[in-house]
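Here's a quick tour of the structure you have open. Keep the 3D view handy as you read.

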Number of protein chains: 2
Amino acid sequence: MSLNSTAKQSLEDALFVKGLRSTKQREIIYEAVLNSEDHPSADLIYSRVKEDMPGISLATVYNCLETLTDCGLIRQVNFERQPSRFCLATAQSAHHAHAHCKNTGKVFDVVLPAQFFDELNKYLPADFQLEKVDLCLSGKQSLSQKN
Amino acid sequence: MSLNSTAKQSLEDALFVKGLRSTKQREIIYEAVLNSEDHPSADLIYSRVKEDMPGISLATVYNCLETLTDCGLIRQVNFERQPSRFCLATAQSAHHAHAHCKNTGKVFDVVLPAQFFDELNKYLPADFQLEKVDLCLSGKQSLSQKN
DNA sequence: AATTGTAATTAGAATGATTCCAATTAAAAA
DNA sequence: TTTTTAATTGGAATCATTCTAATTACAATT
């Protein structure tokens, strides 16, 4: 599998805006996040990516994930003090919350109306410039479920 | 300074429910959180509490903070991968978000209407039992402000 | 194509918040 | 009291992440 040309282009564009280069490592890590539905940790991304690029180092995975996050291409999701997880930052992902199931350990997206997030500003001090909203939900879903 | 009798009682009650004992250390740490407006980290609580109880260990601070959190007396607040911070879990604190200012490093409460949180359930899978909502806002407020 | 300058990657060491552990101490029950 | 059990303690261990110094890759010039 490999990055399709649209994705590749948006990666290159986003990197270029920040004066950064597109590299094999950044590509393959972007691809790994793009193709993951499960909000993988750096470690998991590392092991997935190593299959295609055995020489890649964990440090590079961390570096690239940080770079991609800074470029707004991916999102870093934190639950309590667990290892960070990563997911694609789509246009509408500003309006995603993340739910963590304590039974399965899985994380899934919860799509919320934009208005939900906009409303937050009403309750913030006037001079507070809101940059990032992290809404993390924890709970349990029945163990019998398929997902 | 010392814990007032109402606070002391609710500490004892909450511990009792879980079959736990009320100890000097748990009291003084509960008191430290109760009297802090600044969402202190374990480390900061440690240094504050040591003034009154020089022999207390950092491990105990961590233990007690965990216990108090489990009892629902205090709340653990995490921003990105920074050290956890703690604040009092008041009845209405279920309806607090936390805002982190990147300029000052300070964390403050943002009180939101209960309805805001209730609405979340609409967007969750029916079988998901929501236990905890962490809403963390990051941004900047003008450096010139007094708070 | 070789050279230069700069950015990215790498392996491994370091960091630092937190947790674990085994021993001691304190509290409650008998 | 004595016994039992829970809590605290200091220090070691953990582990995700970051740092560092050296190497490699890239892009722009010659």
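Let's start inside: the residues lining the largest cavity split into 4 nonpolar, 3 polar and 5 charged. (Ala, Val, Leu, Ile, Met, Phe, Trp, Tyr, Cys and Pro count as nonpolar, Asp, Glu, Lys and Arg as charged, and the others, Gly among them, as polar.) Keep in mind that this is a predicted model, where local features need pLDDT of at least 70, side-chain atom pairs count only at pLDDT 80 or more, and totals for chains, interfaces and linings use all residues. Residues are numbered from 1 along each chain as its sequence is written, chains are lettered from A and ligands numbered from 1 in the order in which they are written, and side-chain values use heavy atoms, with hydrogens and water left out.

**The cavity and the pocket**

- On a 1 Å grid over the protein atoms alone, a cavity is a set of points where a 1.4 Å probe fits but cannot get out, a pocket is an open set with protein on both sides within 12 Å along at least five of seven lines, and lining residues have an atom within 4 Å of a point.
- Grid points are joined across faces, edges and corners, and a volume is the space filled by probe spheres set on the points.
- The structure has 1 cavity of 30 Å³ or more, and the largest cavity holds about 180 Å³ of space.
- Both chains help line the largest cavity, with Phe79(A), Cys136(A), Phe79(B) and Ser138(B) among the residues there.
- The largest pocket offers about 610 Å³ of space, and among its 25 lining residues, Thr69(A), Arg75(A), Gln76(A), Lys132(A) and Glu80(B) are the closest to its centre.
- With 6 residues, α4(A) gives the most to that pocket's lining (helices are DSSP runs of H or I, at least four residues, and strands are runs of E, at least two, numbered from the N terminus).

**How the two chains relate**

- Chain A lands on chain B after a rotation of 180 degrees with 0.0 Å of shift along its axis, with an RMSD of 0.1 Å (superposed by least squares on the C-alpha atoms of residues with pLDDT of at least 70 in both).
- That is the relation of a two-fold axis.
- In chain A, Leu135(A) has the C-alpha nearest the axis, 2.3 Å from it.
- The same surface serves both copies, as 100% of the contact residues of chain A recur in chain B (contact means heavy atoms within 4.5 Å).

**DNA strand C**

- This strand is surrounded by 19 residues, and the closest are Thr23(A), Arg26(A), Thr60(A), Tyr62(B) and Ser84(B) (a residue is near a strand if one of its heavy atoms lies within 4 Å of it).
- Sugar or phosphate makes up 80% of the atoms of DNA strand C within 4 Å of the protein, and bases make up the rest.
- A polar side-chain atom of Arg81(A) sits 2.9 Å from a phosphate oxygen of DNA strand C (a polar contact is a pair of N or O atoms within 3.5 Å).

**DNA strand D**

- Again 19 residues surround the strand, and Tyr62(A), Ser84(A), Thr23(B), Arg26(B) and Thr60(B) are the closest.
- The side chain of Tyr62(A) places an N or O atom 2.5 Å from a phosphate oxygen of DNA strand D.
- Ser84(A) has a polar backbone atom 2.8 Å from a phosphate oxygen of DNA strand D.
- With 4 residues, α4(B) gives the most to the surface near DNA strand D.

Key: A polar contact is a pair of N or O atoms within 3.5 Å; within protein, one must be able to donate a hydrogen and the other to accept it, and residues adjacent in sequence count only if both atoms are side-chain atoms.
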